[in-house]
Amino acid sequence: MNLLQGKTAIITGATRGIGKGIAEVFAQNGANIAFTYSSSVEAAEQLEKELNDLGIKARGYQSNAADYDQAQELVKQVLEDFASIDVLVNNAGITKDNLLMRMGEEDFDKVIEVNLKSVFNMTKAVQRTMLKQRKGSIINMSSVVGIKGNAGQANYAASKAGIIGFSKSVALELGSRNIRSNVVAPGFIETEMTAQLDEKVVDGWRNAIPLKRGGTPEDIANACLYLASDLSTYVTGQVLNVDGGMLT
């Protein structure tokens with residue numbers, strides 16, 4: 001299937017986990033990929049090669065989406081290299097978990113900056129191009145935690161809930177120009193990060209999910225594929241929970 005043939009997508013934080021899964025599925029569906037990474041140069045080079053081998057054009061950019069000027073510079077560079085930007089996936093994110101009573105101001109600010117401010121920065125940066133094209137799909141990665149909260153993650157939950165409010169506002173502002181803005185809210189997704197957790201704990205989480213398994217990066221990527229493609233041209237301002245029924 002080539003649902004994204006001829007489209008160019010920017011994906012932030014794509015060298016591992018969910019971001020990497022999205023990059024792979026988009027490339028398999030014909031999209032050219034511009035992806036960002038913060039420090040993992042080797043992983044970025046490997047991903048770039050892997051994606052180019054699929055017959056599309058892919059390029060990695062070392063860029064910090066939480067920095068306003070770097071986001072502007074990135075988009076300028078991507079336009080020079082790819083000529084258009086059809087899809088933006090704001091995926092870059094971090095956690096700095098702690099109970100509120102132990103959470104330092106810095107840990108709150110950093111998570112808001114990386115997870116939420118980056119979405120503002122990147123959306124601002126691509127807005128002009130998408131307005132000119134009179135089309136575009138913006139996909140913002142939230143979390144079930146942004147919907148229901150989670151003890152020990154007040155900073156993360158606030159950042160992910162903020163993404164939902166921001167995305168709905170952008171959908172209202174840019175809808176008349178055929179620019180769509182949607183949110184994907186993953187549940188428990190099994191990645192390199194969760195592989196390091198205690199197996200008993202992970203099993204407990206799996207059993208609490210109606211589908212009795214954790215999700216895969218590909219599960220999230222397929223939801224993003226739908227929102228990036230022309231299958232969803234009448235869908236904007238929505239939150240798609242991809243959580244195995246966790247919030248049912």
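The side chains of N90 and N140 are joined by a polar contact of 2.8 Å (a pair of N or O atoms within 3.5 Å, where one must be able to donate a hydrogen and the other to accept it, and residues adjacent in sequence count only if both atoms are side-chain atoms). This is a predicted model, in which local features need pLDDT of at least 70 and side-chain atom pairs count only at pLDDT 80 or more, while totals for chains, interfaces and linings use all residues. Residues are numbered from 1 along each chain as its sequence is written, and side-chain values use heavy atoms, with hydrogens and water left out.

Let's stay with N90 for a moment. N90 sits in strand β4, residues 87-90 (strands are DSSP runs of E, at least two residues; helices are runs of H or I, at least four; both are numbered from the N terminus). With a relative accessible area of 4%, N90 is buried (under 20%, using a 1.4 Å probe and protein chains only).

Now for the pockets.

| Pocket | Volume | Nonpolar | Polar | Charged |
|---|---|---|---|---|
| Largest | about 1500 Å³ | 20 residues | 21 residues | six residues |
| Second largest | about 290 Å³ | three residues | four residues | five residues |

A pocket is an open set of points on a 1 Å grid over the protein atoms alone, where a 1.4 Å probe fits, with protein on both sides within 12 Å along at least five of seven lines; lining residues have an atom within 4 Å of a point. For the second largest pocket, α4 gives the largest share of the lining, seven residues.

Key. Buried < 20%, exposed > 50% of the residue type's maximum accessible area, 1.4 Å probe, protein only. Points joined across faces, edges and corners; volume = space filled by probe spheres on them. Nonpolar A, V, L, I, M, F, W, Y, C, P; charged D, E, K, R; others polar.
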